[in-house]
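Work through the following exercises with the sequence and the structure side by side, and try each task before you read its solution.

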Amino acid sequence: MPRYWWVNHKQTVTQERGGNYIWSPKRSRNGRRNPFYEFMREVAPGDVVFSYAHAQVGAIGRATSFAYDFPKPAEFGKAGENWSDVGWRVDVDFVALDEPIHPREHIEAIRPLLPEKYSPLSVKGLGQQNLYLTLLSPQLGTLLEGLAGPNLGLQLLDADRANEPWTDEAPAALHEWEEEIEKQIATASSLSETERHRLISARMGQGVFRQRVLERERRCRITGVERQIHLVASHCKPWRVANNDERLDGENGLALTPSIDHLFDKGFISFEDNGRLLISPVADQSALARMGVPTGNPFSAGVFSHGQKRYLDYHREMIFKESRVGG
């Protein structure tokens, strides 16, 4: 079943609704976790997003991607000048409501369904200004759908649309970002031809990066496959956000079979420093099991080097699809 989310994006509502996405930093200005940014990590395709700004829900959308890291949109301009350069993005198909929902007019029905923690509204129906994204109960989501009523003319929330398969292709925006980085490397006068070739090859886990990874990793951490032809050199800290040294560092990689590489690259799995396998709550357990991931009993992927632990820490903190929201 899809889940219901509430996004409060007054500063950037025009850009996000118009661009069919939501975007947040990964951390607060002080570097600490922010629960309303952490929630971005658990949005899944098919989830419903209520867009709130200027005291009204003016659009409702359906998520079409999981969260992925992406630069702060240039169209934000001066909004969020203190936000980090790279944050979370989720693609959402928004449909504007002809008659926006004004929560204050329906607060008597809404109030009993507001979450005790991380509520998007005050008991008087006013928006919480420090909130970006929060999870709603099915009961509150259903109530808001009913208040929208016939405004959902594109059948955005019907059952058939909710069960449509989603594509696993990398979002176009993410591909364009990586292509731009590759162009910058290809034209960098400060790099030799050999360096440019090595860095560009590393984007696909090839060349000297693959060689360095396979010098350290002899088998897939999950499946145990040893034949190098069946192994992928997978970055822990993604190529797009790494510096040039990190892009070629063999300790920034694991040898994985293609299906396990897919899960690790997309943040559906990760590893603790002690080797314990972590599985994202948004991952499909049955699909993971068919791909060779042990989903029942605790599983250890073995020992990691000090350097690998440093990169895995980044993967858990910035890539793994699990919000670290307490309570």
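**Exercise 1.** State whether Arg-27 and Glu-38 are buried or exposed, and then describe how their side chains meet.

*Solution.* Arg-27 is buried, and Glu-38 is buried as well, where buried means under 20% relative accessible area, exposed means over 50%, and partly exposed lies in between, with a 1.4 Å probe and protein chains only. The next step is to look at the side chains of these two residues, which meet in a salt bridge with an N to O distance of 3.4 Å; a salt bridge is a side-chain nitrogen of Lys or Arg within 4 Å of a carboxyl oxygen of Asp or Glu. This pair links distant parts of the chain, since Arg-27 sits in the loop between strand S2 (21-25) and helix H2 (35-38), while Glu-38 belongs to helix H2, 11 residues apart. Helices (H or I, at least four residues) and strands (E, at least two) are DSSP runs, numbered from the N terminus.

A note on the model is needed here: it is predicted, so that local features need pLDDT of at least 70 and side-chain atom pairs count only at pLDDT 80 or more, whereas totals for chains, interfaces and linings use all residues. Residues are numbered from 1 along each chain as its sequence is written, and side-chain values use heavy atoms, with hydrogens and water left out.

**Exercise 2.** Find which residue Arg-41 forms a salt bridge with, and give the relative accessible area of Arg-41.

*Solution.* Arg-41 forms a salt bridge with Glu-38, and their closest N and O atoms are 3.3 Å apart. Arg-41 is buried, with a relative accessible area of 0%, and for Glu-38 the value is also 0%.

**Exercise 3.** Locate the salt bridge between Glu-178 and Arg-203, and name the network that includes these residues.

*Solution.* The side chains of Glu-178 and Arg-203 meet in a salt bridge of 3.3 Å, N to O. Glu-178 lies in helix H6 (residues 172-186) and Arg-203 in the loop between helix H7 (193-202) and helix H8 (207-216), so the pair ties together parts that are 25 residues apart in sequence. Glu-178 counts as buried at 14% relative accessibility, and Arg-203 is buried with a relative accessible area of 14%. A network of salt bridges links Asp-69, Glu-178, Glu-179, Glu-182, Arg-203 and Arg-240.

**Exercise 4.** Report how many salt bridges, helices and strands there are.

*Solution.* The count comes to 23 salt bridges, and the chain has 12 helices and 11 strands.
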